[in-house]
Amino acid sequence: MGWTKRFFLLSFIFLNFLFAFTIQKDSLDNGLVLLYSPARKISMVELKVIVKAGSVYDPKGKGGLSNLVVRMLLRGTEFHSGDEIFERVEYIGAQLSAGATEDYSEISARCLSKDLKLILEIIAECLQKPSFNYQEFKKLQKQISSEIASRMDDPFYIGQTAFRLLLFGEHPLNHEPQGFDSTVNNITIKDVKEFYNLHYAPNNTAIVLVGDFDQDSVKQLVGKFFNHWTRKETSEFSTPPSFKEGKRGMIIKRNVSQSYIFLGFLGPDYRAPNWIPARIMNFILGGSGLTSRLASEIREKRGLAYDVFSFFDRFKIGGYFIAGAQTKKESTNEAITLIIDELNKIAEGVTDEELIRAKKYYIGNFPLTFDTYREMANFITKIEIEDLNIDYANKFEKLVSDVTLEEIKESARKYLHPDDFSLVIVGDIEKEEIKLEGIEWVK
Amino acid sequence: MLLNILFLLTFEPINVTEETLKNGLKILIYEDHFAPVVSTQIHYRVGSYNEPSGLTGISHLLEHMAFKGTKRYGPKEYDRIIDEAGGEENAFTSTHQTVYWANLYKDRYELEIMLEADRMKNLLIAEKEFVPEKMVVMEERRLGENDPYGSLFETLDLVTYFYHPYRNPVIGFMTDLEKISRDDVYKWYKKYYNPANAIIVISGDVDKKEAIRLVARHFEKIKGKPLQEPEFTEPPQNGERRFTLYKEVNFPALVINFRTVKINHPDSYVLDVISKILSFGESSRFKRILIRQKSLAVDLDAYSSVSKYDGTFSIFGIPQSKVSIEKLEEEIYLEIERLKSGDITDKEIEKAKNQTLAQFVFRQDSPAGIGFTIGHWEILSGSWQNINLYPEKILDVKKEDIIRVSNQYFTEENRTVGYLMPRR
């Protein structure tokens with residue numbers, strides 16, 4: 001059947017209970033990886049096929065290409081039209097979709113166990129024999145660019161996309177994976193084919209399966225449907241974004257009753273050291289709902305906003321941090337000042353009590369992060385994409401327990417930059433009304 | 001037909017254990033031992049439906065105040081306790097329900113039971129906490145208004161229902177929020193939060209006897225007071241209603257509401273099959289024909305919502321750039337006419353049934369999700385057991401039913417149409 005190399009078995013012990021969750025990993029001779037976790041709860045299967053080329057591989061001016069390519073795969077093969085593909089899948093009640101993230105492109109499916117063979121066969125055909133029909137391409141291109149343009153009616157989406165553009169400049173992390181309507185309209189069918197030829201290869205692909213299936217027959221099926229796919233050289237994008245000093249701001253005028261505030265800077269990538277302390281630090285700062293410091297100051301004490309947040313978004317070659325809130329126009333300056341104050345304050349450290357609570361949260365919450373097939377499939381994807389050791393789950397509890405107050409302070413000093421930030425405000429406000437020193441306003 | 005039979009063989013009903021305490025508190029337990037996680041939920045039988053004019057939004061405001069301190073625990077103490085236990089918690093309010101829930105590791109779900117009992121009898125609703133929290137809710141309302149489609153759906157309900165409380169938004173009108181006092185909220189709490197007006201749903205890795213024992217331990221001493229709920233009936237529509245809203249948007253949007261039936265009505269199952277044929281999945285008529293083949297819409301969805309006393313069948317669409325909203329509306333009606341005239345294949349009907357039944361299985365993947373479904377059906381339809389009747393009712397739907405139901409409800413005089421247009 002052509003299976004080679006690795007065979008791992010993981011089952012982990014957590015909070016002194018044996019967790020009945022095993023992940024196995026195999027790979028075909030052509031390099032295709034299979035990660036699977038058989039489970040017997042309900043007779044369904046959750047499936048993901050991941051190709052390790054996401055939107056950071058989009059060429060300049062063609063933001064959204066990786067997303068368009070993976071969505072084109074479901075729009076027709078050498079043997080079936082797009083309509084036929086969806087009809088076959090949906091007739092049996094299964095679901096099939098495709099999309100890109102920053103790091104990878106993905107086809108995902110969920111089906112009843114009895115239909116797994118058919119779904120694997122269809123996905124194998126879409127991946128290896130796409131037709132890239134020109135008419136289908138033009139239709140999909142128009143559909144996606146209209147989807148993006150219509151989302152630009154949402155002030156939150158406007159702010160988020162503007163923030164990335166302001167922060168990342170020319171770096172390909174400057175756009176959401178679906179791109180902008182203008183960049184999607186720049187893409188040609190030739191770009192689509194080139195991207196596919198460059199990145200789609202078995203040695204750049206992993207299949208993740210979770211659910212009720214027989215593992216021997218699944219291995220046999222994956223071998224049958226994917227064994228003839230030929231290995232090829234693929235390249236890896238590895239230029240990190242560059243840090244810019246100073247404060248930059250952008251105001252996007254919209255006739256809405258609130259100011260949507262986004263303030264942040266570059267953040268750690270997957271490989272950055274001391275991620276766990278940074279995560280705990282953010283939990284205390286703005287990641288823990290109503291009990292976080294930001295929520296406490298902005299929402300609970302002053303009633304200035306409903307939604308207050310901060311988070312790190314991490315990718316293979318970079319990342320960012322955002323803190324934000326939406327507040328009525330008159331409270332805009334107060335909310336921004338409170339956010340900056342809290343960024344400064346947390347660099348002075350957190351209390352023992354705050355740290356203990358955050359640790360308890362992460363340890364107690366860990367089993368809840370994969371209590372469904374879908375979440376397990378996401379967890380396995382994370383292990384594969386972030387190159388985590390497969391025994392990551394075993395170590396998690398210790399990694400969290402070992403974090404010290406000193407490490408929290410260090411991570412705040414290292415990863416938060418209250419003097420060098422990008423600020424986007426969407427709302428009915430002028431830059432003269434923003435009372436902040438030393439901001440360079442960008443149009 | 002063969003495929004349908006296969007489904008019946010694999011279909012397993014949801015098994016729920018039911019128990020009612022002397023004070024009227026109903027306990028529903030669903031065991032799922034896949035992951036060591038338990039979802040504990042309390043569903044109160046109160047929501048925007050119960051709110052008189054002048055007090056719209058009060059149930060939701062109370063939901064916010066329920067996190068602001070009890071006689072035993074200070075403000076935010078609830079969130080802190082659940083955080084430290086590694087739990088996920090939240091609450092939501094809808095037309096007929098106010099729900100508080102927490103998902104926790106299996107050895108500690110009693111915490112949530114204990115905290116909910118405390119919340120049921122000991123809320124303070126202190127003035128000092130009430131003032132900023134009301135401001136938070138007003139910000140939440142502004143957020144909804146700024147969402148491009150928030151006001152469109154709010155207006156749709158107002159025009160669809162002239163009289164029935166289903167016209168009121170769950171978040172409440174801003175002028176009502178401004179006026180509602182701490183005492184109003186406290187009275188609302190005292191009236192509606194008691195064991196006879198609530199259901200506890202526990203779903204996940206539990207032993208049912210143990211779970212019932214724990215609920216009894218914390219709740220049995222609280223006094224129950226059953227409530228009667230008035231039933232309102234909206235008069236028949238007798239004529240098309242239309243409205244247009246203007247906002248700062250680039251893309252117009254379209255909504256259509258047809259008045260239909262309440263939950264448990266035999267036609268509700270037919271309406272579900274119709275919504276699948278029209279818009280579920282990429283091979284559905286709306287996605288395949290109107291979005292992909294004719295490139296008329298960016299987004300187009302149809303869904304049937306049946307509630308306790310009435311229902312609607314809704315269509316929401318965003319036209320492609322350069323396609324007029326009138327053109328999209330016209331094309332939607334052409335698809336509806338095809339249903340009315342019986343232009344439907346057996347394969348389409350079978351597909352819609354297979355999708356409904358597969359969704360029934362998929363939903364069992366999440367213990368919390370199943371818990372919400374159990375509470376929803378118990379409160380809206382009168383019994384969780386209707387969940388298990390659902391697959392058979394769907395399998396019973398025939399082509400003649402689809403033709404009859406389409407002709408009965410999808411008429412000009414029974415519809416409300418709203419346009420969202422870019423401000424001129």
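**Exercise 1. Determine which residues B:V273 touches, leaving aside those up to four places away in sequence, and place B:V273 within the nonpolar cores of this predicted model.**

Solution. Begin with the contacts: beyond its sequence neighbours up to four places away, B:V273 touches B:I349, B:A352, B:K353, B:I394, B:V397 and B:I402. Next, turn to the core, since B:V273 is among the residues with the most contacts inside the largest nonpolar core, a set of 119 residues, where it is listed together with A:L68, A:I119, A:I123, A:V208 and A:L209. The element that gives the most to this core is helix α3 of chain A, residues 116-128, which supplies eight residues. Finally, another core, of 116 residues, lies apart from it and includes A:F262, B:L25, B:A211 and B:I370.

**Exercise 2. Decide whether B:G317 is buried or exposed, and describe its surroundings.**

Solution. First locate the residue: B:G317 belongs to strand β10 of chain B, which covers residues 311-319. Then count neighbours: 25 other C-beta atoms lie within 10 Å of B:G317, and because the cut-off for a buried residue is 20 or more, B:G317 is buried. Its contacts, not counting residues up to four places away in sequence, are B:A253, B:L254, B:A297, B:D299, B:L300, B:L328 and B:I332. A last step concerns B:G224, which is 93 residues from B:G317 along the chain, with 46 Å between the two C-alpha atoms.

**Exercise 3. Establish in which sense strand β11 of chain B pairs with β7 and with β8 of the same chain, and name a residue pair for each.**

Solution. Take β7 (residues 241-247) first: it runs parallel to β11 (residues 415-422), and seven bridges join the two strands. Within this arrangement B:Y246 stands opposite B:M421 of β11(B). Strand β8 (residues 253-259) of chain B, by contrast, pairs with β11(B) in the antiparallel sense, over six bridges. Here the example is B:N257, which stands opposite B:T416 of β11(B).

**Exercise 4. Explain why helix α10 of chain A can be described as largely enclosed by the rest of the structure, and say what its buried residues pack against.**

Solution. The helix spans residues 293-301, and seven of its nine residues are buried, so the description as largely enclosed follows. The buried residues are A:R293, A:L294, A:A295, A:E297, A:I298, A:R299 and A:E300. These residues pack against α9 (275-287), β12 (305-315), β13 (318-328) and α11 (332-346) of chain A, and also against α5 (127-146) of chain B. After the helix comes A:G303, whose phi is positive, near 60°.

**Exercise 5. Locate A:N274 and B:K76, each a residue other than glycine with a positive phi, and classify their exposure.**

Solution. As background, most residues other than glycine have a negative phi. The phi of A:N274 is near 55°, and this residue lies in the loop between β11 (258-266) and α9 of chain A. A:N274 has 16 C-beta neighbours inside 10 Å and therefore counts as partly exposed. For B:K76 the phi is near 70°, and the residue is found in the loop between α2 (58-65) and α3 (77-84) of chain B. With 19 other C-beta atoms within 10 Å, B:K76 is partly exposed, because a buried residue would need 20 or more.

**Exercise 6. Test whether the radius of gyration of chain B agrees with that of a compact globule, and characterise the fold of the chain in numbers.**

Solution. A compact globule of 424 residues would have a radius of gyration near 22 Å, and chain B has 23 Å, so the two agree. Along the principal axes, the C-alpha atoms of chain B fill a box of roughly 60 × 55 × 35 Å. The chain has 16 helices and eleven strands, and 51% of its 424 residues count as buried. Among contacts between residues at least 6 apart in sequence, 81% join residues at least 24 apart. An unreviewed UniProt entry places the feature "domain: Peptidase M16 C-terminal" at residues 179-355 of chain B; this span is 41% helix and 23% strand, and its end C-alpha atoms lie 47 Å apart.

**Exercise 7. Describe how domain 1 and domain 2 of chain A meet, and identify which element gives the most to the domain 1 side.**

Solution. The domain assignment gives domain 1 as 3-226 and domain 2 as 247-441, and their C-alpha centres lie 28 Å apart. The contact takes 33 residues from domain 1 of chain A and 34 residues from domain 2 of chain A. On the domain 1 side, the elements that each supply at least two residues include β1 (3-10), β9 (205-211) and α5 (155-168) of chain A. Of these, α5(A) gives the most to that side, with nine residues.

Technical notes
Residues are numbered from 1 along each chain as its sequence is written. Chains are lettered from A and ligands numbered from 1 in the order in which they are written. This is a predicted model: local features need pLDDT of at least 70, side-chain atom pairs count only at pLDDT 80 or more; totals for chains, interfaces and linings use all residues. Helices (H or I, at least four residues) and strands (E, at least two) are DSSP runs, numbered from the N terminus. Two residues are in contact if their C-beta atoms, placed from the backbone, lie within 7 Å. Two strands pair if DSSP finds at least two bridges between them. A nonpolar core is a set of buried Ala, Val, Leu, Ile, Met, Phe, Trp, Tyr and Cys residues joined through C-beta atoms within 7 Å. A residue is buried if 20 or more other C-beta atoms lie within 10 Å of its own, exposed if 12 or fewer, and partly exposed in between; C-beta atoms are placed from the backbone. UniProt positions are given in the numbering used here, feature names are shortened, and annotations may be inferred rather than shown by experiment. The radius of gyration is taken over C-alpha atoms; the globule rule is 2.2 Å times the number of residues to the power 0.38. Domain bounds come from an automatic or database domain assignment.
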